[in-house]
Amino acid sequence: MKELKKLFSKPAEVEPVKMPLFKLCFEPLGLFVDNFKQLFLLIAFYGLLATAVSFAFGFPYACFSPSSLGQKLYCSSSNALYAAYLVIKILLFAKFFERVYALNLKTLSLKLKELVSFGRKELKISALLSVCILLNLLPLVSLAVLAARVPNPDWVVETFFFGVVSTGFFVPFIIMRFYGVFGLAAENKPLVSLAEIWRLTAGNGLKILLGLFVILIFTSFLLGGFNSNVRAISAANGFYTSFVSELLYNVILFTLFALFVNHCFMQHKFIFGEKKHG
């Protein structure tokens, strides 16, 4: 509870930091290349775990694919199972986040106990990831509401409604300035005021956006190419083909997520690198 209060506490008097554009855009890639051997092991390990979870709960990629792969698989339609599946996947990604962050800090251990143990750090990261995902989905919610609405003949009401609902489109551009908070959770440090982070990142919004845009390019390229190729796969040897496609899908997801972790690491480094927190 104290941690949550800190998020909304009165901000300290701070000056905005300077984030180098080149480093913000390309250092996440540089960290990925520099740590490729350990990252590959982490991606393979958590990719296999995520694949096992997907098949165990009945939600592999093949079940949602436009190809015929899912015809010979167990595909669940239970909302309760899907909710449990999402919780476990978020916990897996939170643990992966913590391990990749430890790799960037040069404190990584590849012992099995360290790879599967969960504690305060992972729970913090899981909560932050959940909030981040929900907030980034608000543009889709706004779009759905606007598309389904019945126009009001009163232009004042219509304008007000459109203005309020449209604010959801701007939320991702606001929260991207707070991704450095993930670093505080990964290092198990106390959270700080959101207003303080807002002040510290003032003037860096476009740089952060461009840094994330680089990751978005990789995301579009890898996931777009993967989805196009899966469409052409037949249902022959359904389980084995589906397992390989699911593993590859999770490897791609964790690879892209590693770039996001590196971006958060760089944000945290620029924002809090020279600043001490309780």
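This is a short talk on the helices, the largest pocket and a few single residues of one predicted model.

I'll start with the fold. The chain contains 14 helices and zero strands. Reading from the N terminus, the order of elements is α-α-α-α-α-α-α-α-α-α-α-α-α-α. There are 278 residues in the chain, and 43% of them count as buried. As for contacts, take those between residues at least 6 apart in sequence: 83% of them join residues at least 24 apart.

Now one helix pair. Two packed helices are described by the angle between their axes and the distance between the axes. The pair I picked is α3, residues 36-57, and α5, residues 79-104. Their axes lie 10 Å apart, at an angle of about 175 degrees. Angles over 145 degrees count as roughly antiparallel, so α3 and α5 are roughly antiparallel to each other. Which residues of α3 meet α5? On the α3 side they are Gln38, Leu39, Leu42, Ile43, Tyr46, Leu49, Ala50, Val53, Ser54 and Phe57. On the α5 side, the residues met include Leu81, Tyr85, Ile88, Leu92, Phe96, Arg99 and Leu103. By class, this contact has 16 nonpolar, two polar and three charged residues.

Staying with α5 for a moment, Lys95 is one of its residues in the contact with α3. Lys95 is also in contact with Phe118, as is Leu91, leaving aside neighbours of Phe118 within four places in sequence. Phe118 itself lies in the loop between α6, residues 112-116, and α7. Along the chain, Phe118 and Lys95 are 23 residues apart, and their C-alpha atoms are separated by 7.3 Å. Is Phe118 buried or exposed? Neither: its relative accessibility is 43%, so Phe118 counts as partly exposed.

Next, the largest pocket. Rolling a probe the size of a water molecule over the atoms shows where empty space is left. The largest pocket holds about 1600 Å³ of space. Its lining is made of 34 residues, and those nearest the centre are Ile133, Asn136, Thr219, Leu253 and Phe257. Which helix gives the most to this lining? That is α13, with seven residues. Helices that each supply at least two lining residues are α4, α5, α7, α10, α13 and α14. So α5 appears both here and in the packing with α3. By class, the lining has 30 nonpolar, three polar and one charged residues.

Then a residue from α11, the helix of residues 181-186: Leu184. With a relative accessibility of 0%, Leu184 counts as buried. Not counting residues up to four places away in sequence, Leu184 touches Lys189, Pro190, Leu191, Val192, His268 and Phe272. Phe272 is 88 residues away along the chain, with a C-alpha separation of 9.0 Å from Leu184.

Last, backbone geometry. Most residues other than glycine have a negative phi, and most peptide bonds are trans. Lys106 is not a glycine, yet has a positive phi of about 65 degrees. Lys106 sits in the loop between α5 and α6, and at 66% relative accessibility Lys106 counts as exposed. Asn188 is not a glycine either, and its phi is positive too, at about 60 degrees. Asn188 is found in the loop between α11 and α12. Its relative accessibility is 38%, so Asn188 counts as partly exposed.

Terms used. Residues numbered from 1 in each chain as written. Predicted model: local features only at pLDDT ≥ 70, side-chain atom pairs only at ≥ 80, totals over all residues. Heavy atoms only, no water. Axes fitted to C-alpha atoms, helices over the stretch in contact; angles between N-to-C directions. Helix = DSSP H or I, 4+ residues; strand = E, 2+ residues; numbered from the N terminus. Parallel < 35°, antiparallel > 145°, perpendicular 65-115°, else oblique. Contact = heavy atoms within 4.5 Å. Nonpolar A, V, L, I, M, F, W, Y, C, P; charged D, E, K, R; others polar. 1 Å grid on protein atoms, 1.4 Å probe; cavity = no way out; pocket = protein on both sides within 12 Å on 5 of 7 lines; lining within 4 Å. Points joined across faces, edges and corners; volume = space filled by probe spheres on them. Buried < 20%, exposed > 50% of the residue type's maximum accessible area, 1.4 Å probe, protein only.
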